[in-house]
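Trainee: Please help me take a close look at one part of this model. I would like to follow a single helix and the spaces around it.

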Amino acid sequence: MNGDDSEEPAAATDDYGFPKVLWRNVDKHPPPGVHHLRRWRSPLRGPWLTSVFGLVLLITLPIVVITGLLSYIAYGPQFGQAIPVDVGLLKLPTFDWPTDPSWLYRLTQGLHVGLGLILIPVVLAKLWSVIPRFFSWPPSRSPAQLIERLSLIMLVGGILFEIVTGVLNIQYDYIFGFSFYTAHYFGAWVFIAGFLVHVTIKIPKMRAGLRSLPFRQVLATPVAETRAEPADPDGLVAADPAPATVSRRGALLLVGAGSAFIAVLTAGQTLGGFTRPLALLLPRGRDLGNGPNDFEVNKTFAASQIDPRATSDAWRLTLTGGSRAVVLDRAALLAMTQHTATLPIACVEGWSSTQDWTGVPLRSLAALAGVPNPVSAYVRSLERYGFNQATLQGNQVSDRDSLLALTVNGADLSPDHGYPARIVVPALPGVHSTKWVTSIDFRAV
Ligand SMILES: Nc1nc2c(c(=O)[nH]1)N[C@H]1C(S)=C(S)[C@@H](COP(=O)(O)O)O[C@H]1N2
Ligand SMILES: [Mo]
């Protein structure tokens, strides 16, 4: 230490004009606890492990992000029915969500939720592998470093926030209402911004890290021979590594097993059959009905608070949009030409269920109402609260398989599945498959 009272200006500041004495004091007086850094002594930590987890997430997280944004579009933001409604500058280009293939939303949303859940162990492992970096002191010495640190907060905060809001949404959707969607949407953009900056900065490091140990060699190395990598400039490798208690291949296996376990717990809600009772993470996936109506029930008839008399023989369907309203009872609907289609109900929560639906094509109802080529159709349920309405796009009305379903798998709809009539449209997000329909307004403009 010789510069504290030096008069030489050239030596007094660093490249960014900060007085060097400042950094010396910052180094000398770390906040309490930073020395605990030394306690992160796993010999597994280092560029290789971090890069392997990084590569997995680099490939998979964009799929989760893109399918998530597609879900927002599938909801029909053009009708104000995607949440949040007003997203300002983050408004995405919207397009009419297709009806073909009918499993499109089942695939995109199944991937979004399924992959999102399966990746949780990988995200946690990646965070574990870089833990010492969160405590590096001082946090930044240059503007470039400061940007990196800020992007890290957006990245890590963003993904943890998305995991928490996403999981809570699946589990408690109907308890807390809509606010999760808003949080999840804006949280996603915070994460996307952090992710883009992080990837740009780290890709060269990741490539070098992957080359630092040959993969085959790692797979062949047992615990006894597992050693720390040489010290790296980022300080991922512990200064005084402890002896290995697990090999690198063991650590990969552990994380992989964690992901596989979640996959088993979630896949059952889509695959069905003997896997369904295993779908512990997705509550709706295990609800059973009876006989032909034995498949997932989202909201039950009892929970809908609809007066049972409203779904009795007194029930009427009202079609509007033409010169005068058309009112039909269930017998009149059953007397019309029926069409059968095998279509999934695909919920935003990730579960889906494919059944044989029979009923009157929506386009026949549109023609009957006097609006043969509607631009949209506004459907209302008898239900007074909750998901009691939906606007369908023109292509969702005109598809030959789009139905006002009256029966499922050859039996009348059960009250839980929407008796007397419900909407079923190919590739439609489940929430718009309105149950207990009371009216449809076909709109020509
Ligand atoms: N009226 C009404 N229709 C509704 C709902 C609802 O709560 N009320 N839930 C929707 C949601 S979110 C889904 S995923 C599907 C589920 O249909 P299912 O319970 O027959 O499986 O119904 C949709 N139709
Ligand atoms: Mo849903």
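Is the crossing of helix 3 and helix 4 left-handed or right-handed?

Mentor: Left-handed: that is how helix 3 and helix 4 cross. Keep in mind that this is a predicted model.

Start with the helices themselves. Helix 3 covers residues 47-74, and helix 4 covers 104-118. Their axes come within 8 Å and cross at roughly 135°. Helix 3 and helix 4 are therefore oblique to each other. An angle has to be over 145 degrees to count as roughly antiparallel.

Now turn to helix 8, which runs over 179-212. The axes of helix 3 and helix 8 come within 9 Å and cross at roughly 150°. That makes the two helices roughly antiparallel. Helix 3 passes helix 8 in a left-handed crossing too. Which residue classes make up this contact? It has 20 nonpolar residues, four polar ones and one charged one.

The database record adds a label. An unreviewed UniProt entry lists residues 48-75 as a "transmembrane region". That span is 96% helix and 0% strand, and its end C-alpha atoms lie 41 Å apart. The same entry also lists 111-131, 152-172, 178-201 and 251-274. In the span 111-131, helix makes up 90% and strand 0%. Its end C-alpha atoms lie 29 Å apart.

Next, look at the empty space. Rolling a probe the size of a water molecule over the atoms shows where such space is left. The structure holds three cavities of 30 Å³ or more. The largest cavity has a volume of about 720 Å³. Its lining has 34 residues. G68, H112, E162, G166 and H184 lie nearest the centre of this cavity. Where does helix 3 come in? Helix 3 supplies at least two residues of this lining, and so does each of helix 4, helix 5 (120-129), helix 7 (143-176) and helix 8. Helix 7 gives the most, with nine residues. By class, the lining of the largest cavity has 22 nonpolar, nine polar and three charged residues.

Helix 3 also takes part in an open space. The largest pocket has a volume of about 670 Å³. It is lined by 32 residues. T50, K126, V130, H198 and K202 lie nearest the centre of this pocket. Helix 3 supplies at least two of the lining residues, as do helix 5, helix 6 (131-134), helix 7 and helix 8 each. Which helix has the largest share of this lining? Helix 8 does, with ten residues. The pocket lining has 20 nonpolar, five polar and seven charged residues.

One more space is worth a look. The second largest cavity holds about 310 Å³. It is lined by 20 residues, and N298, R422, G430, S433 and K435 are the closest to its centre. Nine of the lining residues are nonpolar, six are polar and five are charged.

So what should you keep about helix 3? Helix 3 lies oblique to helix 4 because of the crossing angle. Helix 3 supplies lining residues to the largest cavity. It does so for the largest pocket as well.

Methods: Residues are numbered from 1 along each chain as its sequence is written. Chains are lettered from A and ligands numbered from 1 in the order in which they are written. This is a predicted model: local features need pLDDT of at least 70, side-chain atom pairs count only at pLDDT 80 or more; totals for chains, interfaces and linings use all residues. Side-chain values use heavy atoms; hydrogens and water are left out. UniProt positions are given in the numbering used here, feature names are shortened, and annotations may be inferred rather than shown by experiment. Helices (H or I, at least four residues) and strands (E, at least two) are DSSP runs, numbered from the N terminus. On a 1 Å grid over the protein atoms alone, a cavity is a set of points where a 1.4 Å probe fits but cannot get out, and a pocket is an open set with protein on both sides within 12 Å along at least five of seven lines; lining residues have an atom within 4 Å of a point. Grid points are joined across faces, edges and corners, and a volume is the space filled by probe spheres set on the points. Ala, Val, Leu, Ile, Met, Phe, Trp, Tyr, Cys and Pro count as nonpolar, Asp, Glu, Lys and Arg as charged, and the others, Gly among them, as polar. Axes are lines fitted to C-alpha atoms, for helices over the stretch in contact, and angles run from 0 to 180 degrees between N-to-C directions. Angles under 35 degrees count as roughly parallel, over 145 as roughly antiparallel, 65 to 115 as roughly perpendicular and the rest as oblique. A crossing is left-handed if the near helix is turned anticlockwise from the far one by less than a right angle, and right-handed if clockwise.
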